[in-house]
There are 2 protein chains.
Amino acid sequence: MATAMARLPKAWETEVDKEPRKHWLGQRRPPVRCDEASLKEVSKSLLVPMVQYAELHGLLYAAKDQSIDPSAATQCPVAMLPFKIPAQAFDECVALSKLWNELVDAVARDLPWLYATLEPAANADPFTARLMGISKAVHAAGLRQKLMLGIHRSDYMLHEPGDSSPRFLQVELNTIASSMASHSANTETLHRYLLSRYGEGSDPTALALREHFGGAGELVSHLPQNATLKEIPAALARAHGAYGAKDAVVLMVVQEEERNFADQRWLEYALWEEHGVKVVRKSLGQLHRELAMDPSSGRLRLDSGAGQEVSVVYFRAGYSPDDYSSEAEWEARLVLEQSLAIKCPSVDYQLVGAKKVQQALARQGAVERFIGPGDSSKLRGCFAGLWGLGLGEDDSYIIKKACSDPNLYVLKPQREGGGNNFYGKDVATQLKKLSEQERGAYILMQRILPKLQSTVMTRAGTAEVMLGLSEFGFFSVFLGDGRQALLSEHAGHLVRTKADGVDEGGVAAGYAVISSPFLVQ
Amino acid sequence: MATAMARLPKAWETEVDKEPRKHWLGQRRPPVRCDEASLKEVSKSLLVPMVQYAELHGLLYAAKDQSIDPSAATQCPVAMLPFKIPAQAFDECVALSKLWNELVDAVARDLPWLYATLEPAANADPFTARLMGISKAVHAAGLRQKLMLGIHRSDYMLHEPGDSSPRFLQVELNTIASSMASHSANTETLHRYLLSRYGEGSDPTALALREHFGGAGELVSHLPQNATLKEIPAALARAHGAYGAKDAVVLMVVQEEERNFADQRWLEYALWEEHGVKVVRKSLGQLHRELAMDPSSGRLRLDSGAGQEVSVVYFRAGYSPDDYSSEAEWEARLVLEQSLAIKCPSVDYQLVGAKKVQQALARQGAVERFIGPGDSSKLRGCFAGLWGLGLGEDDSYIIKKACSDPNLYVLKPQREGGGNNFYGKDVATQLKKLSEQERGAYILMQRILPKLQSTVMTRAGTAEVMLGLSEFGFFSVFLGDGRQALLSEHAGHLVRTKADGVDEGGVAAGYAVISSPFLVQ
């Protein structure tokens, strides 16, 4: 059963988390500023203007029920206001983008290391095994297309334990189907509008907004420009150009029923309007029926070979076992990987995003295998603590520390996919209960402790003021052939805010919205 | 009962006509080109891309049912493809815009003529009487604000009886709440995208599109630029500037439950983003509670006098008896008219849009009373034939003609508002049945005979290929004080396409979509 299979890390679900990130939550602490009452007034007066502006500027989702009206839509869940974060930490993360690009490419090109690292995961997880099988088959036949295009997103949370300056710690690195780039840019446009239109003057709304944000200078001057809708289409266009067939199309591999069409379409429109490059959208199932590859050249053509040539394959599907409901989809994936088209990402890039690789890179000397010591040290600066357990690891010191202060750790299963983590005092209880053998199936991770902020979350036309915390994504784009980088850029950012309510008890349902950063000193 | 009262001409309903324009339909004739089969293929392949592009570029309506999700939305009903019209006729209509501006202002400033003309209508119709009462009260107290802002829309249909060159004949002149300007601009953007993205190349869709349009040069080169979203906000900003209070706001008077928020919001956004002018939206009922006028200066302020000053009152409501559900709304309207704020339109401008005024202007010498002979003759060139009946009118010649060729005429009641028209052989039957006294309640109008075109209408995410005909609106903006014009511009256009099916029998429900013009030689 596909659903029983573990998953590689996938784009974070904004609508409702399928598996709420329980480790997201720090201890409950009082918010920095108790301005919930005035924010409630703001949320009342701005709700209708906000929702209408959002919807008219492309922040849309397909409605869950389109049976009567196939055009039925609803707002994208967004925060009414941006989320305050320290400017310095933000800038430091921006500077890491090109290093992640370099690291992903280097790891993907070191197949012996990659396969060896993933071997245990592949043994436990048929999905990882299948992807590795495709990689091996492609390389065994000789890699037709050395150029690989990456649109990565490194996700962080702000660690603010109170006694030291705040810094970003990485949650995960997404190397396939990194989503929300368009919504992020459009949410920033929304926030820019709201803060400029309603943040000046002496009416109660304007006063409350300036009070909330602390009010140094014009509010909009605190919003950094977000380059997602410029850099990501430009990267796809660059790969299209490198492929070298002007009339070819970019193939966007999509899921059959995609409610988040808006996030994908804006990239398509920018590719067309800024670069004159056409995008064609197909699911893996459709591709199995409609795609043909010339066996000698490896060129892909649509319409069973009678249609347009494909220059770039951009996966917005294929990251989850659910996207492969039969052998047909796996066959389509194999053909795509074997072809001359430039893949975004290649199956190798996809594999680099596995949890197991993240763990392996955390080991001493691992990052340093791939990139220089200075850059390695910069990347390590955002690694959360990660300790293997059992199986001969020298873990007595860390187990003792975790048992005495369990709130600072999360106990996670080694296997790919999320869920079944232990938090708080359960960490200590579990550590004491497990044998050394059993501990081998777990790792201990440092728990990231973000501060909470009052936030206004909106979805389905309603607003709620609550304490929230945010995850910050930093996009980067890379095009390289294993010898040189044709392109390596930071490509914008993403803020997703979640209510303080998905806690260890797992009572509340996951609840997240797109926001944008408001930079403070 | 408000609903029993007749209405002044109002913005045409795109969703579903409340009173289908039965006179719209010419005789059924074969379409110019029978390409329905290939258009059906086009409509299948382009439906999803079209609907998603439309929705992401602001072509939205609030869903009818927002009870569960107040952000629920649906697509604006649009034609998938533009509508072919002769370039020369289009250009001739553009050239009339400034003449309509001049005429409306001149008529509105000639109160004795206006009141005398409307007297019979006011006697029959309490709504007209009430508006005239407000006009008289305002002028009796001394007109505080001589500047009046007009955003007019002159609506035409193309008369193509086959034996002469096609020309536009006017259906009506809208002087209040002329709508669909934003949707029109955005539909043109949509068509520009579809024709450029899908109209080139040799795939079946591209071939069918070029076949349908006749294919001279690039398809998009046939789409004229539409200036609505530039000129209309610029006119509001010009009036705001002329009022002279920089921090004042433009007050948009809206209906309580407005599904067509998108068409209004784009004007608001352009006013803010291009001109730095704020818009505040209020219904007449809200204004009755929240608005205060300084009795000596006539300055309007929101929040019972504590809030922002109002520079311009832009009516997107107030044209229908339904907008005045109690005396409160009438009182609010009176205060608005008495104030120093610039009205768009003033009640006098609104009255010029009455059907009775259109009839009076059709009489010999009437237009010439207001503007020069050359310009009068240009305007008369688009007047459909109009003949008063009974009551001493010398109507024997025209009655004889109408009885012998009834398909060329419509028999309409004199009173304000639509409905109860007679078409085809019913014209002759009715004319023979009525006494001279009874005929006095009717007028005969020339029937406009447009050619039908194959068209793809979309609504609620579905497409239908059918024969359609179009009504063409030409916007114009004017600001003047009765002595000089500060502004007089053509301000873009509108195409609405309706299915060939709302015929004399009134079988099919009204069904119209927004389109755009495709200019042909």
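**Notebook: the A–B contact and one loop residue**

I began with the contact between the two chains of this predicted model, and I noted that 23 residues of chain B and 23 residues of chain A take part in it. On the side of chain B that touches chain A, I found that α1 (36–56), β2 (73–75) and α8 (261–275) of chain B each supply at least two residues. Sorting that side of chain B by class, I counted 11 nonpolar, 7 polar and 5 charged residues.

Next I looked up how the copies are related, and I recorded that chain B is superposed on chain A by a rotation of 180° with 0.0 Å of shift along its axis, at an RMSD of 0.0 Å. This is the relation of a two-fold axis. The residue of chain B that comes closest to the rotation axis is B:A73, whose C-alpha lies at 2.5 Å. I also checked the two sides against each other: 100% of the interface residues of chain B are interface residues in chain A as well, so the copies meet through the same surface.

I then turned to the annotation, where an unreviewed UniProt entry places the feature "domain: Glutathione synthase substrate-binding" at residues 248–352 of chain A. Over residues 248–352 of chain A, I noted 38% helix and 21% strand, with the end C-alpha atoms 28 Å apart.

Last, I looked at A:A306, which is found in the loop between β10 (300–301) and β11 (310–315) of chain A. Is A:A306 buried or exposed? I entered A:A306 as exposed, because 10 other C-beta atoms lie within 10 Å and the cut-off for exposed is 12 or fewer. From A:A306 to A:A292 I noted 14 residues in sequence and 8.6 Å in space, C-alpha to C-alpha.

Methods
Residues numbered from 1 in each chain as written. Chains lettered and ligands numbered in written order. Predicted model: local features only at pLDDT ≥ 70, side-chain atom pairs only at ≥ 80, totals over all residues. Contact = placed C-beta atoms within 7 Å. Helix = DSSP H or I, 4+ residues; strand = E, 2+ residues; numbered from the N terminus. Nonpolar A, V, L, I, M, F, W, Y, C, P; charged D, E, K, R; others polar. Least-squares fit on C-alpha atoms with pLDDT ≥ 70 in both. UniProt positions renumbered as here; feature names shortened; annotations may be inferred. Buried ≥ 20, exposed ≤ 12 C-beta atoms within 10 Å, placed from the backbone.
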